[in-house]
Structure formats: C-alpha cells, structure tokens
Amino acid sequence: EKGYETGEHAPGLKLGGCGAYKAAHHIIKTHAKVWHSYNNTWRSEQQGMVGISLTSGWGEPVDPHSQTDRDAAERYVQFHLGWFANPIFRGDYPEIMKNYVGRKSAQQGLGTSGLPTFSVQEKTYIKGTSDFLGIGHFTTRYVTQKSFPFLQASSYHTDRDLAELVDPNWPAPGSKWLYSVPWGFRRLLNFIKTQYGNPLIYVTENGISEKVQCTQLCDEWRIEYLKGYINEILKALNDGVNVKGYTAWSLLDKFEWNKGFSERFGFYHIDFKNKNKPRYPKASADYYKKIISANGFPNPREVMS
C-alpha cells in the first residue's frame, strides 16, 4: 500500500486505488510458486519448511455490543491479515474484502473490481502453501464504522469503511503509530487459530521504538512492553494457539523504512554519528537475555547475577 498506492515507500509508485491490490496479488502468486518449487525439488532431501511472514495489527470494536462496530473491526483484520493469509490458508481473498472492494469499484463506475480475482486453478495452487505462519505484531486499534463518500477516489483505506481510534491512556513511547496494547496480541493469535485451522506460528517481529534521540539506555518502557506482549503469547499458548517461537524486534537500532535512523527499536543503541557505529546495550538487552536464558519469565531467585 505504501509502495504502490501512496508512494511513501520504495518503489514510490502512486498507482491509485488498485495499485496495492495488484502488487499483493503478484506477491501471493509468487509466494505459492516458491513454496511449490521447494516442495517438489528440495523438501524430500532437506526436510525444510517454507512459510510466509505477515505483519498485522489487531482491531477491537469501539462498542463490543454494536454489530456495525464488530463488523468494522472484523474488516480491519481481514483487510490487514486476511488479505494475504486467507488466500494462502483458505484459497481466496476474504469474502468481506471482495464484497467491499467490488461495491466501491462499482460506485466509482469501474467495470471490474479493483481487487483482482484468482482463477479456480490458482486458488487450488495457492491454498496450503505455508508450512507455518510468521506473524509480525506491534499494536492495536479501536475500530468503528465510517462511510466514505462515493465521490472520493477508491483506495485501500477508504474501501474498508472504518475509522481507527486509540485510547489516550495507552503507553506510546515510540513511533507515533505504535501504542502498547498487549491484550490485542492474544486476540489476534486466537483469531489466527480460529480462521486458519490453528497453523504453526512463529512470531517474527514484536517490539517498540523510542522517540528520544539521546543515548537512552534505561528503557524500562521497552521492558514493560516485552513483558506484557510475551505474557499474552503465553496466555495464547494456554488457549491452544500453536505458537512455536518468538523473535523480538530488534537486536540493533537500524534503518527503519522512510524514517531512516530516527526510530530506534534495538536492544542495543547504535551511535550512527560515529564512523565505527559503536553499540551500547540498553536495559532491555539484559532483561531479554534473562528471558531467553530461562526460555520464559525467570524465577527472580534463579537468575544468575
């Protein structure tokens, strides 16, 4: 969407309402081709696994008693995660996505939907092409129904007919989009379990950035974020979700899309102004070291000093 519709990210194309959908369509078909290639050529010899890693937020209805809000929250997740996961695990785009994009395209006077279609052969070829699901997850939004006027050009954001809100009490120490809402992760993981037949899950990205430009090594709020989110994964495991592994985001401060070096996700602070790029461990590095040593939350009395 940012690469092919708004042009904020590389390759910087502003292709309007169907650019993102076309790009995603090619990604899904290409992913399936790679999976089949491995499956036919290498799997018997190597016994490896091929999956896909998808990043998704969680959408929670503003009013859980309102059917329109519940539907809007469902659309948020289906347009986010389901866009890619549904074809791969169930064989086609989510029905709600096909309906909404199709209707919006018709209102715009377009002959066909902005969302491409898979042939019967393609659906069969794509379905089941993931031995595991990688999940990147950072934050949650409250979601409510919001209708966009017909006159407005169709786009990924307006096709969904929803508005995203945040709770001002949610901690937000880093990127302006990133609020700490641990309970959303458990709900997302349970959604995956229910929607896609409880696939094997690896958490491939989860972490939080900081706004401050100075060498801030006492990142207690990152420790709180990790504690909260990892705890919700443990609850999801108790719910029967098939989470096999967890990868924090990220080991080092690094180049972050179009934000460059300004958003720092690392356990290690990097001095980018120094040509040697020295690394300094933040408090979170020590905390996470204890978690991975214990493979869970350590008993305080058992932690080596």
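These are my notebook entries on one protein chain, looked up in a predicted model.

**Entry 1: the whole chain**

I started with the overall build. I counted nine helices and nine strands in the protein chain. Then I looked at the dimensions: along the principal axes, the C-alpha atoms fill a box of roughly 65 × 50 × 50 Å. The radius of gyration is 21 Å, which agrees with the value near 19 Å for a compact globule of 305 residues.

Next I asked myself what share of the 305 residues is buried. I found that buried residues make up 46% of them. I also checked the contacts with a separation of 6 or more, and 65% of these come from residues 24 or more positions apart. For the outside, I noted about 15,800 Å² of exposed area, with carbon and sulfur atoms supplying 55% of it.

**Entry 2: Glu205, the annotated residue**

I turned to the UniProt record, an unreviewed entry, which lists Glu205 under "active site". Where does Glu205 sit? I located Glu205 in strand β6, which covers residues 201-205. I then wanted to know how much of Glu205 can be reached from outside. Its relative accessibility is 21%, so Glu205 counts as partly exposed; the cut-off for buried is under 20%.

I listed the neighbours too, leaving out residues up to four places away in sequence. Glu205 touches Ile135, Gly136, His137 and Phe138, and also Thr247 and Trp249.

**Entry 3: salt bridges**

I found 20 salt bridges in the structure, and I followed three of them.

The first pair I took was Glu60 and Arg187, whose side chains meet at 2.5 Å, N to O. This pair links distant parts of the chain, 127 residues apart: Glu60 belongs to strand β2 (residues 58-61) and Arg187 to helix α7 (residues 183-195). Buried or partly exposed, I wondered about Glu60? Glu60 counts as buried because its relative accessibility is 12%. Arg187, with a relative accessible area of 38%, is partly exposed.

My second pair was Lys123 and Asp92, in a salt bridge of 3.4 Å, N to O. I placed Lys123 in helix α5 (residues 120-126) and Asp92 in the loop between α3 (67-90) and α4 (95-107), 31 residues apart. Lys123 is partly exposed, at a relative accessible area of 29%. Asp92 counts as buried, at 13% relative accessibility.

The third pair was Glu210 and Arg222, with 2.6 Å from N to O. Glu210 lies in the loop between β6 and α8 (220-238), while Arg222 is in helix α8, 12 residues apart from Glu210. I noted both Glu210 and Arg222 as buried.

Which residues are linked with Glu210 and Arg222 in a network of salt bridges? I traced that network to Asp219, Asp253, Arg264 and Lys282.

**Entry 4: Arg43**

I picked Arg43 as a spot check and found this residue in helix α2 (residues 43-46). Arg43 is buried, with a relative accessible area of 18%. That value falls on the buried side because the cut-off is under 20%. What does Arg43 touch, leaving out residues up to four places away in sequence? I noted Trp35, Tyr38, Gly48, Met49 and Asp131 as its contacts.

**Entry 5: Tyr288**

I then went to helix α9 (residues 283-294), where Tyr288 lies. With a relative accessibility of 12%, Tyr288 counts as buried. Beyond residues up to four places away in sequence, I saw Tyr288 touching Ile230, Tyr246, Ala248 and Phe267.

I also took one distance across the model. Tyr288 and Val34 are 254 residues apart along the chain, and their C-alpha atoms are separated by 34 Å.

**Entry 6: a nonpolar patch**

My last look was at the surface. Which residues form a nonpolar patch there with Leu13? I found Tyr4 and Leu15 as the partners, and the three have about 260 Å² of accessible area together. I placed Leu15 in the segment before α1 (19-41). At 47% relative accessibility, Leu15 counts as partly exposed, because exposed requires over 50%.

Conventions: Residues are numbered from 1 along each chain as its sequence is written. This is a predicted model: local features need pLDDT of at least 70, side-chain atom pairs count only at pLDDT 80 or more; totals for chains, interfaces and linings use all residues. Side-chain values use heavy atoms; hydrogens and water are left out. Patches are made of residues with over 30% relative accessible area and no salt bridge: like charges are joined within 9 Å, nonpolar side chains (Val, Leu, Ile, Met, Phe, Trp, Tyr) within 5 Å. Accessible areas come from the Shrake-Rupley method with a 1.4 Å probe; for residues, only the protein chains shown count as cover. A salt bridge is a side-chain nitrogen of Lys or Arg within 4 Å of a carboxyl oxygen of Asp or Glu. Helices (H or I, at least four residues) and strands (E, at least two) are DSSP runs, numbered from the N terminus. Buried means under 20% relative accessible area, exposed over 50%, partly exposed in between (1.4 Å probe, protein chains only). The radius of gyration is taken over C-alpha atoms; the globule rule is 2.2 Å times the number of residues to the power 0.38. Contact means heavy atoms within 4.5 Å. UniProt positions are given in the numbering used here, feature names are shortened, and annotations may be inferred rather than shown by experiment.
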